[in-house]
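User: Please take me through this structure by question and answer, with the reasoning spelled out before each result.

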Amino acid sequence: QVQLVESGGGLVSPGGSLSLSCAASGSFLSISAMGWYRQAPGKEREFVARIITRGGPNYGDSVKGRVTISRDNAKNTVYLQMNSLKPEDTAVYYCKAEVAAGASIVEVWGQGTLVTVFS
């Protein structure tokens, strides 16, 4: 069983920066990818960024150029550096891990961390 623990959310002014982290723990064979999604009040969950174990990142259109995802495979931790934050970035940010389980991939979600951008 895999647990994800996110941290780093909080309050920030427009134009500011924030860094999120998500650490995976528990018993698992391997994690093929980790990523971040977000959900603003009244809206559907939105893709933010994803990074695979041996490959490059990809980003959602709404954050491209303003966020950077990175991963420490040895620590099973993924990070999200967010810059030039806007009020519309306000959301609960969720970490997701794609965990190898035999021949299939199981998606595991964190509990979410709130990011609020306000002036």
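User: Which residues form the covered face of strand 7?

Analyst: This is a predicted model, and in it strand 7 has two faces that can be told apart. The uncovered face carries T68, S70 and D72. The covered face is made up of V67, I69 and R71.

User: What is the bridge partner of I69 in strand 8?

Analyst: Strand 7 runs antiparallel to strand 8, which spans residues 77-82, and 6 bridges join the two. They form a hairpin with 4 residues between them, and N76 in the turn has a positive phi of about 50°. I69 belongs to the covered face of strand 7, and its bridge partner in strand 8 is L80.

User: Which strands are the edge strands of the sheet that contains strand 7?

Analyst: The sheet is open and has 4 strands in the order 1-3-8-7, with antiparallel pairing. An edge strand here pairs on one side only, which holds for the strands covering residues 2-7 and 67-72. On average, neighbouring strands of this sheet are turned by 15° against each other, direction ignored. The edge strands are therefore strand 1 and strand 7.

User: Which residue of strand 3 stands opposite L4?

Analyst: Strand 1 is joined by 6 bridges to strand 3, residues 18-26, and the two run antiparallel. Within strand 3, the residue that stands opposite L4 is A24.

User: How many residues apart in sequence are the parts that the disulfide of C22 and C95 ties together?

Analyst: The structure holds 1 disulfide, formed by C22 and C95 with their sulfur atoms 2.1 Å apart. The angle about the S-S bond is -80°, and the link is left-handed. Because C22 lies in strand 3 and C95 in strand 9, residues 91-101, the pair ties together parts whose separation in sequence is 73 residues.

User: Is C22 buried or exposed?

Analyst: A residue counts as buried when its relative accessible area is under 20%. The disulfide partner C95 has 0% relative accessibility and meets that cut-off. C22 likewise has a relative accessible area of 0%, so C22 is buried.

User: Is S30 buried, partly exposed or exposed?

Analyst: S30 lies in the loop between strand 3 and strand 4, the latter covering residues 31-39. Leaving aside residues up to four places away in sequence, S30 touches E98, V99 and A100. Its relative accessibility is 31%, and because the range between 20% and 50% is the intermediate class, S30 counts as partly exposed.

Methods
Residues numbered from 1 in each chain as written. Predicted model: local features only at pLDDT ≥ 70, side-chain atom pairs only at ≥ 80, totals over all residues. Heavy atoms only, no water. Pairing = 2+ DSSP bridges. Axes fitted to C-alpha atoms, helices over the stretch in contact; angles between N-to-C directions. Buried < 20%, exposed > 50% of the residue type's maximum accessible area, 1.4 Å probe, protein only. Contact = heavy atoms within 4.5 Å. Disulfide = S-S within 2.5 Å.
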